[in-house]
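Let's take a walk through a protein model together. Keep the structure open beside you and look up each part as we come to it.

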Amino acid sequence: TEPVLEIRGLDVDYGLGDSAVRAVRDINLTLHRGEILGLAGESGSGKSTLAYAVTRLLPPPGVITGGEVRYRPGNGTPAVDILDLGPEELRAFRWQEISLVFQGAMNSLNPVHTVRSQLTDVIAAHRPAMGRAARNDRAAELLSLVGISADRLGSYPHQLSGGMRQRVMIAMALALEPEIVLLDEPTTALDVVMQRQILRQLVRLREELGFSVVFITHDISLLLEFSDRVAVMYGGRIVEEAGAKEIYRDARHPYSHGLLHSFPALHGPRRELTGIPGSPPDLKSMPSGCAFHPRCPKAFDPCASRVPALTPAPAGDRSVACWLHTEHGSGDS
Ligand code: ATP
Ligand code: SF4
Ligand code: MG
């Protein structure tokens, strides 16, 4: 299917000059229309930074220092580079074209406003011509989309369970029928049964409404279950990208392999809990070459001196950034 978002060469720093933290480096990633793309990686690998940069919600001192984020709305409308949008354009763009449910969002509902008023505020801000009654109807419809009865419209956040508050946030993100929804750890605070229930609902809605999703989670089994494709980040870079089934069966980057196999399998034969020894890199002084080399059980000649580029596999729709899978020439010893 066609791309809806194309991220090319994206770099993000926190701070300026020598003290800058290089949080995201040279990201190349394509989101296709209607797909669920899962982002995996240890804490600090840059997943949230990438999501914030793409929606232009990066908090200071975050700065996008290079790259492009091309958004293709379809229906013949020309592509735009999100990084070129001015403040007015961005206001129209957010919620309407792309929305973000950020980490811990369920605690960001306004405690003194009802669910109804928080949903209708989002609608009113972007659909000024819509009358009050129509906005209320739409709010009720949105709640039922996420499996909450419309009699909850008058509730205040504290009167709802955590799972319901999270679903209200998802309803808000869907309020203006955006093309893309970014979900940063949308269900982490909830129990596993509730997490699955919410994600199943989201998959159903995606089939009905046709939006695309970027889904960030630490829970590898949820990630593999609900994503069509998976991208793995390490030290601010994407190190591997492939279909969810392919990467589970045959992870090619040693880091993806460690990450995807360091949890007990839910289905099929039990896998060993290998884990990954060592700790994530210090972004202020990244290891030379492949940033994973100090932890990599397979490191060899070129790894400590040259950064492997994310390279498409000769066959199949997948890429990997690892010298084991890329021509590395000679003369590096
Ligand atoms: P987690 O899984 O814990 O949510 P993440 O993959 O989302 O992690 P980010 O939050 O994107 O990681 O952080 C990437 C890097 O940027 C981390 O090293 C973090 O310390 C750094 N960072 C994030 N926010 C800031 C900030 N406001 N100022 C300085 N550094 C920051
Ligand atoms: Fe390991 Fe080298 Fe591949 Fe990096 S490039 S993951 S160090 S084998
Ligand atoms: Mg994060």
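## A sheet of four strands

In this predicted model, strand S1 (residues 3-14) and strand S2 run antiparallel and are joined by eight bridges. You can pick out individual pairs of residues here. Glu6 stands opposite Thr30 in S2, and Asp13 has Arg22 of S2 as its bridge partner. Between the two strands of this hairpin there are six residues, and in the hairpin Gly15 takes a positive phi near 90 degrees.

Now widen your view to the whole sheet. It is an open sheet of four strands in the order S2-S1-S4-S5, with antiparallel pairing. Which strands are at the edges? They are strand S2 (21-32) and strand S5 (80-81), each of which pairs on one side only.

## The helix that crosses the sheet

Helix H1 (residues 47-54) lies across S1, S2 and strand S4 (62-71), and runs at about 65 degrees to S2. How many of the residues of H1 are buried? Eight of the eight are, so the helix is largely enclosed by the rest of the structure. The buried residues include Lys47, Ser48 and Thr49 as well as Leu50, Ala51 and Val54.

Follow the chain onward and you meet Arg56 just after H1, with a positive phi of about 60 degrees. In the loop between H1 and S4 you will find Pro61. A cis peptide bond joins Pro60 and Pro61, with omega at about 5 degrees.

## Two residues with a positive phi

Trp95 and Glu177 make a nice pair to look up. Trp95 is not a glycine, yet it has a positive phi of about 75 degrees. Its place is the loop between helix H2 (87-93) and strand S6 (98-101). Is Trp95 buried or exposed? With 21 other C-beta atoms within 10 Å, Trp95 is buried, because the cut-off for being buried is 20 or more.

Glu177 is not a glycine either, and has a positive phi of about 50 degrees. Look for Glu177 in the loop between H5 and strand S7 (180-184). Glu177 has 12 other C-beta atoms within 10 Å and is therefore exposed, since a residue counts as exposed at 12 or fewer.

## The nonpolar core

In soluble globular proteins, nonpolar side chains tend to be buried together. The largest nonpolar core in this model has 86 residues, and those that touch the most other members are Leu119, Ala171, Ala175, Leu182, Val214 and Val232. Helix H5 (residues 162-174) gives the most to this core, with eight residues.

Leu182 is a good place to zoom in. Leaving out residues up to four places away in sequence, Leu182 touches Ala51, Val54, Thr55, Ile98, Leu100 and Val214. Two of these names may sound familiar: Ala51 and Val54 are among the buried residues of H1.

## Around ligand 2

Finally, turn to ligand 2. What surrounds this ligand? There are 13 residues around it, and the closest are Cys290, His293, Cys296, Cys303 and Cys322. By character, the shell around ligand 2 divides into ten nonpolar residues, two polar and one charged.

Notes: Residues numbered from 1 in each chain as written. Chains lettered and ligands numbered in written order. Predicted model: local features only at pLDDT ≥ 70, side-chain atom pairs only at ≥ 80, totals over all residues. Core = buried A, V, L, I, M, F, W, Y, C linked by C-beta atoms within 7 Å. Contact = placed C-beta atoms within 7 Å. Near = placed C-beta within 6 Å. Nonpolar A, V, L, I, M, F, W, Y, C, P; charged D, E, K, R; others polar. Pairing = 2+ DSSP bridges. Axes fitted to C-alpha atoms, helices over the stretch in contact; angles between N-to-C directions.
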